[in-house]
Amino acid sequence: MDKTAPVFVGIDVAKRRLDVHLRPSGESFTIDHDEGKVTALIERLVALAPALVVLEATGGLEVRLAATLAAAGLPVAVVNPRQVRAFARAMGRLAKTDRLDARAVARFAEAVRPPVRALPDEATRYLGALVARRRQLLGMLVAERNRRHAAADPALHQRLDAHLRWLEEALAEIESAIDGTVRRSPIWRAKEELLRSVPGVGPVSARTLLAELPELGSLTRRQAAALVGVAPFSRDSGKMRGRRTVWGGRAPLRACLYMAAVAAARGSNPVI
């Protein structure tokens with residue numbers, strides 16, 4: 001391996017193991033996903049001084065590892081799995097295993113070189129987890145209320161009512177925890193007040209923005225729109241002008257902003 005060549009690392013993150021691939025050496029190895037093995041991996045990567053370490057976003061499994069790598073001073077980028085899969089298909093690689101995924105991520109890192117972005121700090125990750133849990137509880141409440149409405153047996157009504165009471169209490173506890181977390185931070189309090197000065201933006205929308213879009217304030221309006229997934233994409237070919245559509249981005253945040261826009265349109269926001 002050329003000692004002067006930059007090193008690119010692709011890591012496929014699973015619950016119990018990590019598959020690692022190095023470019024341009026082509027070395028691959030697998031380790032258990034536990035604290036001791038991760039520490040040894042970080043020491044090895046620090047010695048290599050890679051130009052970039054890339055992980056796929058895998059529903060939250062990657063968050064702790066990415067934060068640990070970044071804390072060790074390694075340049076880390078978390079990318080959309082759809083991008084890596086499209087890149088692998090373009091390279092003619094159709095098979096899919098964890099080891100092949102790690103290789104594809106490393107090749108993607110070497111060829112595309114996605115930008116390194118600052119990772120959310122521990123407080124922001126905690127707020128994000130609370131907001132996500134609130135969203136889960138709301139979904140369960142809607143589902144249980146629908147089941148309560150459809151159930152014909154009175155005995156089932158009692159069981160469903162008990163579960164609904166538990167969910168409502170859990171939701172109240174989560175909302176109290178979110179409120180306390182935001183109020184303990186002077187920066188978040190100031191940002192929340194600024195966001196809520198926009199007619200239609202209430203406490204839920206403001207706190208979802210704080211948790212799901214921590215980059216807000218350091219981005220251009222176009223970058224923010226693309227991250228949320230509300231930037232319309234062109235679909236033109238020759239003389240054909242296709243319909244502009246939005247897709248991708250951070251779906252939970254987009255859904256929250258949609259409800260804020262509806263409230264603004266029905267309320268007193270003349271711009272909306």
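1. A good place to start is the second largest pocket of this predicted model. Its lining is made of 19 residues, and Val198, Val201, Leu209, Leu257 and Ala260 lie nearest the centre. The volume of this second largest pocket comes to about 450 Å³. Helices α9 and α10 (251–266) each contribute at least two residues to its lining. By residue class, the lining of the second largest pocket holds 16 nonpolar residues, two polar ones and one charged one.

2. Next, the largest pocket. The space inside it is about 2,100 Å³. Here 47 residues form the lining, with Ala57, Val78, Glu215, Leu227 and Arg250 lying nearest the centre. Several elements give two or more residues to this lining: α2 (61–71), β5 (76–79), α3 (81–90), α4 (98–112), α5 (122–150), α8 (203–212) and α9 (221–228). The lining of the largest pocket divides into 26 nonpolar, eleven polar and ten charged residues.

3. Now to the charged side chains. Side chains of opposite charge can pair when their charged atoms come close. In this model the count comes to 16 salt bridges. One of them joins the side chains of Lys96 and Asp101, at 2.8 Å from N to O. How accessible are the two partners, Lys96 and Asp101? Lys96 counts as exposed, at 54% relative accessibility, whereas Asp101 counts as buried, at 8%.

4. Another salt bridge to look at is formed by Glu168 and Arg145, whose side chains meet at 3.4 Å, N to O. Glu168 belongs to helix α6 (residues 154–183) and Arg145 to helix α5, so this pair ties together parts that are 23 residues apart in sequence. Both ends have some access to the outside: Glu168 is partly exposed, with a relative accessible area of 37%, and Arg145 is partly exposed too, at 42%.

5. Helix α6 also takes part in a salt bridge between Asp179 and Arg207. Their side chains meet at 2.8 Å, N to O. The pair links distant parts of the chain, with Asp179 in helix α6 and Arg207 in helix α8, 28 residues apart. Asp179 is partly exposed, with a relative accessible area of 24%, while Arg207 is buried, at 10%. Which residues are joined with this pair into one network of salt bridges? Bridges that share partners bring Asp179, Arg183, Glu192 and Arg207 together in that network.

6. Finally, please look at the strands towards the start of the chain. Why is strand β2 (residues 17–23) described as largely enclosed by the rest of the structure? Six of its seven residues are buried, so the description fits. On one side of the pairing, strand β1 (residues 8–13) runs antiparallel to β2, and six bridges join the two. Phe8, for instance, has Arg23 of β2 as its bridge partner. The connection from β1 to β2 is a hairpin through three residues.

7. Strand β2 also pairs with strand β3 (residues 28–32), again antiparallel, through five bridges. In this pairing, Asp19 stands opposite Thr30 of β3. The hairpin of β2 and β3 has four residues between the strands, and Gly26 takes a positive phi near 80 degrees there.

Notes
Residues are numbered from 1 along each chain as its sequence is written. This is a predicted model: local features need pLDDT of at least 70, side-chain atom pairs count only at pLDDT 80 or more; totals for chains, interfaces and linings use all residues. Side-chain values use heavy atoms; hydrogens and water are left out. On a 1 Å grid over the protein atoms alone, a cavity is a set of points where a 1.4 Å probe fits but cannot get out, and a pocket is an open set with protein on both sides within 12 Å along at least five of seven lines; lining residues have an atom within 4 Å of a point. Grid points are joined across faces, edges and corners, and a volume is the space filled by probe spheres set on the points. Ala, Val, Leu, Ile, Met, Phe, Trp, Tyr, Cys and Pro count as nonpolar, Asp, Glu, Lys and Arg as charged, and the others, Gly among them, as polar. A salt bridge is a side-chain nitrogen of Lys or Arg within 4 Å of a carboxyl oxygen of Asp or Glu. Buried means under 20% relative accessible area, exposed over 50%, partly exposed in between (1.4 Å probe, protein chains only). Two strands pair if DSSP finds at least two bridges between them.
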